[in-house]
Amino acid sequence: MNIDWAALGTVFGVSLVATVGLVGLFTLGIVGLSKQASAAASGGSVAMARTGAYACFALCAAAVAYGIFLIVA
């Protein structure tokens, strides 16, 4: 039995980067939603914080949908 260590390392590296990226993006969305109250109190744009948060969540959903598409196809 031969193991292609280079391919295994590539899969591990891509999985690690994708996981950290998605978690980071989702975290940015949560932070954007939590900053709405402080943005309103300081006179900032609540719509900008909400739009950025929703954009982060939409990108996360798109990445998950693409992953499911790759598995099913």
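Reader: Leaving aside its neighbours within four places in sequence, which residues is phenylalanine 57 in contact with?

Author: In this predicted model, the contacts of phenylalanine 57 beyond its sequence neighbours are Phe26, Gly29, Ile30 and Leu33. Phenylalanine 57 itself lies in helix H3. The C-alpha atom of phenylalanine 57 is 7.5 Å from that of leucine 25, although these positions lie 32 residues apart along the chain.

Reader: Is phenylalanine 57 buried or partly exposed?

Author: Phenylalanine 57 is partly exposed, because its relative accessible area is 22%, and a residue counts as buried under 20%.

Reader: How should the packing of two helices be read, and at what angle do the axes of H1 and H3 cross?

Author: Two packed helices are described by the angle between their axes and by the distance between those axes. Here, helix H1 spans residues 5-34 and helix H3 spans residues 46-72. Their axes come within 8 Å and cross at roughly 155°. H1 is therefore roughly antiparallel to H3. The crossing of the two helices is left-handed.

Reader: Which residues of H1 and H3 meet?

Author: On the H1 side, the residues are Leu22, Leu25, Phe26, Leu28, Gly29, Ile30, Gly32 and Leu33. They meet Ala49, Ala53, Tyr54, Cys56, Phe57, Leu59, Cys60 and Ala63 of H3. Sorted by class, this contact contains 14 nonpolar residues, two polar residues and no charged residues.

Reader: Two cysteines, Cys56 and Cys60, appear in that list. How many disulfides does the structure hold?

Author: A disulfide is a covalent bond that joins the sulfur atoms of two cysteines. The structure holds zero disulfides. The sulfur of cysteine 56 has its closest cysteine sulfur in cysteine 60, at 7.0 Å, and so is too far away for a bond. Cysteine 60 likewise is in no disulfide, the nearest cysteine sulfur being that of cysteine 56.

Reader: Are cysteine 56 and cysteine 60 buried or exposed?

Author: Cysteine 56 counts as buried because its relative accessibility is 13%. Cysteine 60 is also buried, with a relative accessible area of 9%.

Reader: What does cysteine 60 touch, not counting residues up to four places away in sequence?

Author: Cysteine 60, which is part of helix H3, touches Leu22, Leu25 and Phe26. Distances between C-alpha atoms place cysteine 60 relative to two further residues. Glycine 21, 39 residues away along the chain, is separated from cysteine 60 by 9.3 Å. Valine 31, 29 residues away along the chain, is separated from cysteine 60 by 15 Å.

Reader: Where is the place of glycine 21, and is glycine 21 buried or partly exposed?

Author: Glycine 21 is in helix H1. Its relative accessible area is 41%, so glycine 21 is partly exposed.

Reader: In which helix is glutamine 36 found, and which residues does glutamine 36 touch?

Author: Glutamine 36 is found in helix H2, which runs over residues 36-41. Apart from residues up to four places away in sequence, glutamine 36 touches Val46, Ala49 and Arg50. Of these, Ala49 is also among the H3 residues that meet H1. Glutamine 36 is buried, because its relative accessible area is 18%.

Conventions
Residues are numbered from 1 along each chain as its sequence is written. This is a predicted model: local features need pLDDT of at least 70, side-chain atom pairs count only at pLDDT 80 or more; totals for chains, interfaces and linings use all residues. Side-chain values use heavy atoms; hydrogens and water are left out. Axes are lines fitted to C-alpha atoms, for helices over the stretch in contact, and angles run from 0 to 180 degrees between N-to-C directions. Helices (H or I, at least four residues) and strands (E, at least two) are DSSP runs, numbered from the N terminus. Angles under 35 degrees count as roughly parallel, over 145 as roughly antiparallel, 65 to 115 as roughly perpendicular and the rest as oblique. A crossing is left-handed if the near helix is turned anticlockwise from the far one by less than a right angle, and right-handed if clockwise. Contact means heavy atoms within 4.5 Å. Ala, Val, Leu, Ile, Met, Phe, Trp, Tyr, Cys and Pro count as nonpolar, Asp, Glu, Lys and Arg as charged, and the others, Gly among them, as polar. A disulfide is a pair of cysteine sulfur atoms within 2.5 Å. Buried means under 20% relative accessible area, exposed over 50%, partly exposed in between (1.4 Å probe, protein chains only).
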